[in-house]
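The following note was prepared for a colleague who intends to examine the structure in detail. Its points are numbered for ease of reference.

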Amino acid sequence: MMLRSLESKGNGYMKKILVVDNHPVMLKFMSNLLEKNGHQVLTACDGLSALEILNTVTPDIMFVDLIMPNISGDKLCRIIRSRPELKDVFLVILSAIAAEEKPCLTDYGADACIAKGPCNKMAAHVLTVLKSSDSGRPKYPMEKIIGKETIYGREITKELLASKKHFETTLNNISEGILGLTPALKIVYINPAALSIIGTSEESILSTKFLKLFHEKQQRIVASLIKEVCETKQTMDHNTPLELNDKQVIFNIIPVENDNSISILVILKDVTRRKQMEAQLYHAQRMEAIGTLSSGVAHEINNPINGVIGYAEILRDRYQELDLDEDIPDRIIKEADRIAEIVKNLLSFARDRQEEKSTSHVKDILSNTLGLIERRIVKDGIKLSVNIIDGLPIIQVRSHEIQQVFLNILSNAHDALRERISNFKEKDHILEITSETIDVESLRYVRITFYDNGSGIHENILNKICDPFFSTKPPGKGTGLGLSISHSIIKNHGGRLLFDSVEGEYTKTMVDLPVRQQDKN
Amino acid sequence: MNFRELSKALGLEKDEYVELLGLFVETSRTDLLNIQTAVAASNLDKLARIAHSVKGAAVNLGLKDIHVIADEMEQTARNGHQKEIFHIIHRLEETLDDVAGFVTK
């Protein structure tokens, strides 16, 4: 980069020119020609090395070949046009394929196009274009391809283009993300699937370092994997997902042996959805295990607790007979009752329901539930709006269980709103109940949505709120069983209990209950 | 081949033309090695690409013989006729030697 010292703009006619071509003869010919005409010349043998030069030097003009290894000419042009500091560079495509297929200059952001041919013809064309560049970049690119008539080997070049197109189409439409890396791990190829996984544009990612895509901790893992691949020259399938743009990604690393170096091909697969489903399955299994365990424990506790309560009652009677004022037996009974209540809840969480379901209307179940709690909600200054549409399909449920679920959700919403009321007195506090019919995987459900703009749920605990004994309420206020029981009730009904929340903003609890089969249509 | 006339026709000084030819011979010898490796590995696609590149430079320098041979090589590779390639490689080698002989003179 000895040219830096010459960067003075003294000579108006002297231009700084970068020539990018992979054939040494072309580079030499162009350097000689341009230097003879009093210009400074820099050369690069592919798109990647051109970009490296462009990091420190801004040329006035660039001559770019189209078919090159390590970032082809068309991509190089697009990258240049995406960089504001290079917007004034006069771009000339200098390529043999220019004669076969009219390159879309506007797409590439190029200003002129010269077809390759014998030296004398090319020299004349290059000098003509140089002259026209004196007046700066044209508003519209020169449509005519200069020197087209001197072109050779039309048919063959066309075949070259056709086979290139075939591969490009394949790579553009495959669902796996594919990246090509140089031995120094710079990205020189990326297909659309990989762009969408990484969430970026081709212009901004080409020529950047592959490792930079990952978090710092994972960079080391990826680096050592690639190192191993280079050493063993064996393809590696990495099936432990790594995080990339908030997605879970697994990948294959494939070594591609060149003459004296190894470049790398990376195939990315987005497994975010699969991992989520696995996590859900795992969660469901864990819940079931807890259920089985807790029903066993509950039965074991129930008997001694009944004993404790019985003996405490005997004690109380004896004190009464002796006319002594002693409240300890009552306290024992009260505490034992609390244990009994928890055990009862545990059992209802775990128990397999045998009771028959009956046809019901959501509206009826909801109004029964609201009868129990409405007064308390409204008393706290909460705007309660119930909007259950008429003509909802009939559901087949054990209505007292569904009522228990509704009651649970409503009192959670009530608590969340009360927490907010104490902080923001002046705001509106809303509890809204709506209904709709939805279809999921060809099954029809009635969905009841409970919306409150209360304290919300932190995203870190959103997936834990249905776990037994998980509670955010102060000790003694909640058992941590409400939602786990609700969850198991809804699950036993073949329905779904879903949450959506932003902490400090709102919580939306959705109960989906399957419509009775014959009412589907 | 009359290189003096060729350089004149291409509008180049003789010295410069010789320099470019030297570079061409040097590059093409490496290309030839790569062509041989490609044939050995039955990688005709790669072979065609190299032949294409040799052909392009030959056109730049007005080397008609090499242009024709490289063109033939590219087509033969594209058509998958691996056996015939060896013969063409040999011809390319010989013609390159001719050019090289001129350069060193």
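1. In this predicted model, Leu179(A) has Val266(A), in strand 10 of chain A, as its bridge partner. The pair belongs to the contact between strand 6 (residues 177-181) and strand 10 (residues 262-270) of chain A, two antiparallel strands joined by five bridges. As a general matter, strands of a sheet pair through backbone hydrogen bonds, in either a parallel or an antiparallel sense.

2. Strands 6 and 10 sit within an open sheet of five strands in chain A, whose order is 7-6-10-9-8 and whose pairing is antiparallel. The edges are taken by strand 7 (187-190) and strand 8 (236-244) of chain A, each of which pairs on one side only. From one strand to the next, the twist averages 30°.

3. Another open sheet of five strands in chain A follows the order 12-14-15-17-16, here with mixed pairing. Its edge strands are strand 12 (383-387) and strand 16 (496-502) of chain A, and each pairs on one side only. The twist in this sheet averages 20° from one strand to the next.

4. Within the mixed sheet, strand 14 (residues 430-440) and strand 15 (residues 443-452) of chain A run antiparallel and are joined by ten bridges. Ile438(A) stands opposite Tyr445(A), a residue of strand 15 of chain A.

5. Across the whole structure, over all chains, the search finds 28 salt bridges. One of them links Lys116(A) with Asp21(A), with 2.9 Å between the closest N and O atoms. Lys116(A) is in the loop between strand 5 (112-115) and helix 5 (119-132) of chain A, while Asp21(A) is in the loop between strand 1 (16-20) and helix 1 (24-36) of chain A; the pair therefore ties together parts that are 95 residues apart in sequence.

6. Which residues form the negative surface patch? They are Glu313(A), Asp317(A), Glu321(A) and Asp337(A). Helix 10 (residues 272-321) of chain A gives the most to this patch, namely three residues, whereas Asp337(A) is found in helix 11 (residues 328-350) of chain A.

7. A nonpolar patch on the surface is formed by Leu293(A), Val297(A), Ile301(A) and Ile339(A), which together have about 330 Å² of accessible area. Here too, helix 10 of chain A provides the largest share, with three residues; Ile301(A) is placed in that helix.

Terms used
Residues are numbered from 1 along each chain as its sequence is written. Chains are lettered from A and ligands numbered from 1 in the order in which they are written. This is a predicted model: local features need pLDDT of at least 70, side-chain atom pairs count only at pLDDT 80 or more; totals for chains, interfaces and linings use all residues. Side-chain values use heavy atoms; hydrogens and water are left out. Two strands pair if DSSP finds at least two bridges between them. Helices (H or I, at least four residues) and strands (E, at least two) are DSSP runs, numbered from the N terminus. Axes are lines fitted to C-alpha atoms, for helices over the stretch in contact, and angles run from 0 to 180 degrees between N-to-C directions. Patches are made of residues with over 30% relative accessible area and no salt bridge: like charges are joined within 9 Å, nonpolar side chains (Val, Leu, Ile, Met, Phe, Trp, Tyr) within 5 Å. Accessible areas come from the Shrake-Rupley method with a 1.4 Å probe; for residues, only the protein chains shown count as cover. A salt bridge is a side-chain nitrogen of Lys or Arg within 4 Å of a carboxyl oxygen of Asp or Glu. Lys and Arg count as positive and Asp and Glu as negative; His and the chain ends are not counted. The place of a charge is taken as NZ of Lys, CZ of Arg, CG of Asp or CD of Glu.
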